[in-house]
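User: Please take a close look at one part of this model, the small antiparallel sheet early in the chain. Then connect that part to the other sheets, loops and surface patches.

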Amino acid sequence: MHKRHYILPLFFAVALGVYAQEQADTTDMFYGHVDLEAATVTGVTGRTRLSASPAPIKLVVANDLRGISASNVVAALATQPGMAVLTTGSGISKPIIRGLGFNRIVCMADGVRQEGQQWGGEHGLELDGQGIDRIEILKGPASLMYGSDAMAGVLIFHTNDVREEGAHGGSVDAEYQTNSGLWNYSLNYGGNHGGFVWDGRWSQKAAHAYKNKYDGYVPGSQFAEQAARAMLGLKKSWGHSLLRLSYYHLNPSIIEGERDGATGELEAPDGWRGTSYKRTLPFQHVHHYKAVWDNDIRLGAGRLLATLGYQQNQRKEFEDMTAEYALYLKLHTLTYDARYVVPFSGDWKLSVGVGGMWQHALNYGEEELIPAHKLFDIGGFVTASKRVGAFNFSGGLRYDHRHLSADAADALPPTPVRRQSMPFAAGQKALNYSGLSASLGGVWNVQRGLNVRLNLARGYRAPNMAELASDGVHEGAVRYERGNATLKPEHSWQGDLGIDYVNAFVSLQAALFLNRIDNYIYLRRTTEVADALPVYEYSSGDARLWGFELGADVHPIHSLHFLTTFSYVQAVQLHQPALTKYLPQTPAPRWTGELKWEITHDLVRLGASPLALQHAFAAVGVEVNLRQGHCYLLDGTETPTPSYTLLGFSVGTDVCWRGKKRVELTFIADNLLNRAYQSHLSRLKYVDVNSLTGRTGVFNPGRNFCIKVGVVL
């Protein structure tokens, strides 16, 4: 690495240390613990204190995201305990919670579930990460408010677009990453005048191909992104009524991983340069439009929460610069949710609600992967919580019904490759699924800072159209996918046991879970080939997942922290031989460690000027992903992944003028040793073989430096 890359972070750290003055001990730590007694979460039974929630919830705040460089907001969550990310290398990441992902995770943004063809392996979350104030990670099927699909858990993204009375202002944020040349900026302004609130944001991002020391620049990994959002509404003593509008556009190229047989190099168009931001074939255009009407109204002794949302997702795949799209999926989604939350007889809190969605999926391209179809979901739920002395109990029930029908115009004739039977015959048949979800748990607040949690949850999920009836080339995933009309709904039982302890010098967390899933649906490779691509088919079996997460933050003095986590999950298919014993896409065991120096919390004046530094920090981190040998080995669906270690560094500060924060500065270095590695959850691990080296697939990005600058207006 060039010497100048070392100079900036070293100079930055030394300069901060010179200007930092001796500070009195304080528990108001910039990178300290989340106060469980004060923090509020919404994921299980509505608004409640984190210390009173029996379900495992991790709260990620904006300052946690500040020291992370990532191509999108989901990738930024990858190192959180119990979390993992399935990557495609082109700015697309899919969340995995405790070994489960895809349609088993509900992602909530702007108060509604994000719906955008999430069944696909390379279909990411159509969400602008700028302006995210905090993220709730709910692990397991304990949430009854967000529908039966939340079997693995829920990700709730909260924005900070509603200001207090009389406040107005904005920000300009910018970011640059060296490995892929990623540049990103976001402009925001909003306010609150007499209860009339407004907010607007525009964000733009682009990256050329990323590189690593084995593959060089990786053709097809470049992408561009634009996002806009606006909010108007009222915030009064009776509550609020807000209208949120958003637009998201992602234009990623697709990594195919084909190599030249003579040189072993990745194939690229003539004249292609790795540092060019120009897209290459094949590529996608993804457009996502969303409108949400969010209401929170005080009604009697309780609150009525009602949300109505409309989303339109358009996904086009292009294989020729001059031709029309080869694949065009359009998805209309209408979501509705209404619930009433009321204190009931002393320490009781009761919530009753109904919610669901209507969808219409259409095909316009020459190719068809899944049939056009319609879906209608409706579900009703009731949750209750009660405090009894040092114990907090909560639980509830939910019943869901799904009606799934195919459009008559979408029935295609059978071909030598296409299956001879479909779950729908020219729209004359519909499928109906119904299921019950439940949750019951409690928290024992042994003493301030010490909590013991126990929760038991019943989960349910109906198969989606891709699992039932996909039949065609999935260009983005580089495979031919085939559904299975005989699939049954998934049912699960999950138990969670957790303990957390926080005092002025240490924070400890431990969580153990056991999950049994009947009719678990997964995608496996077959021995067939169609359209020169391997055929993958959906299958099912009974599964058992268990694991644990450990975390600690030790700080014998307030300015110095040692943070460490360990996550482990084992996912097996019951009563199976060795080749099919382990479920595919199970994250490897992971250990993380970080040594963080909070150089200053309070204002540190720079000489006699009104300029000052605040919340300055420097940190060194390590991430160790252990070998993952528990794989679904039949027909080469998966192969073991060796261990790898990544080293990182970050430093940052707030720059204040006359006592007010004006600028945020952060410098981040990832993969300092330029390690060549493949994540076990990377789909690029299984593309073409390098004939010269014998290595299979494309590797993850190498060394990367990132600088973030935020200006407060």
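Analyst:
**The three-strand sheet and its surroundings**

Three strands, in the order 4-5-6, make an open sheet with antiparallel pairing. Strand 4 and strand 6 (100-101) stand at its edges. Each has a single partner strand, so one side of each is left without a neighbour in the sheet. The model is predicted.

Take the pairing of strand 4 next. Strand 4 and strand 5 (residues 93-97) run antiparallel and are joined by 5 bridges. Within this pair, Thr 87 has Ser 93 in strand 5 as its bridge partner.

Now the loop that leads in. Ala 70 sits between helix 2 (62-66) and strand 4 (83-87). Ala 70 counts as buried because its relative accessibility is 19%, and the cut-off for buried is under 20%. Ala 70 and Gly 91 are 21 residues apart along the chain, and 8.7 Å separates their C-alpha atoms.

A second open sheet comes next. Its 5 strands follow the order 3-9-10-7-8, and the pairing is mixed. Strand 3 (57-61) and strand 8 (112-113) are the edge strands. Each of them has a single partner strand, so one side of each lacks a neighbour in the sheet. Strand 7 (residues 105-109) pairs with strand 10 (residues 153-159) in the parallel sense, over 5 bridges. There, Ala 109 has Phe 157 of strand 10 as its bridge partner.

Further along the chain, the pairing is antiparallel again. Strand 12 (residues 183-193) pairs with strand 13 (residues 196-207) over 11 bridges. Tyr 189 stands opposite Gly 200 of strand 13. The hairpin of strand 12 and strand 13 has 2 residues between the strands, and Gly 194 there takes a positive phi near 65°. Strand 13 also runs antiparallel to strand 16 (residues 223-236), with 12 bridges joining the two. In that pair, Ala 207 stands opposite Phe 223 of strand 16.

Tyr 189 also belongs to a nonpolar surface patch of about 900 Å². Other members include Trp 183, Leu 187, Trp 202, Tyr 277 and Val 709. Strand 11 (168-177), strand 12 and strand 37 (704-712) each supply at least two residues of this nonpolar patch. Tyr 277 comes from a loop, the one between strand 17 and strand 18. Its relative accessible area is 36%, so Tyr 277 is partly exposed.

The loop between strand 17 (239-252) and strand 18 (283-299) also holds Asp 260. Asp 260 counts as partly exposed because its relative accessibility is 33%. Asp 260 helps form a negative surface patch with Glu 258, Glu 265, Glu 267 and Asp 688.

One more loop residue is Glu 638. Glu 638 lies between strand 34 (611-625) and strand 35 (644-657). Its relative accessible area is 5%, so Glu 638 is buried. From Glu 638 to Ile 255, the C-alpha to C-alpha distance is 19 Å, with their positions 383 residues apart in sequence.

Key:
Residues are numbered from 1 along each chain as its sequence is written. This is a predicted model: local features need pLDDT of at least 70, side-chain atom pairs count only at pLDDT 80 or more; totals for chains, interfaces and linings use all residues. Side-chain values use heavy atoms; hydrogens and water are left out. Patches are made of residues with over 30% relative accessible area and no salt bridge: like charges are joined within 9 Å, nonpolar side chains (Val, Leu, Ile, Met, Phe, Trp, Tyr) within 5 Å. Accessible areas come from the Shrake-Rupley method with a 1.4 Å probe; for residues, only the protein chains shown count as cover. A salt bridge is a side-chain nitrogen of Lys or Arg within 4 Å of a carboxyl oxygen of Asp or Glu. Lys and Arg count as positive and Asp and Glu as negative; His and the chain ends are not counted. The place of a charge is taken as NZ of Lys, CZ of Arg, CG of Asp or CD of Glu. Helices (H or I, at least four residues) and strands (E, at least two) are DSSP runs, numbered from the N terminus. Buried means under 20% relative accessible area, exposed over 50%, partly exposed in between (1.4 Å probe, protein chains only). Two strands pair if DSSP finds at least two bridges between them.
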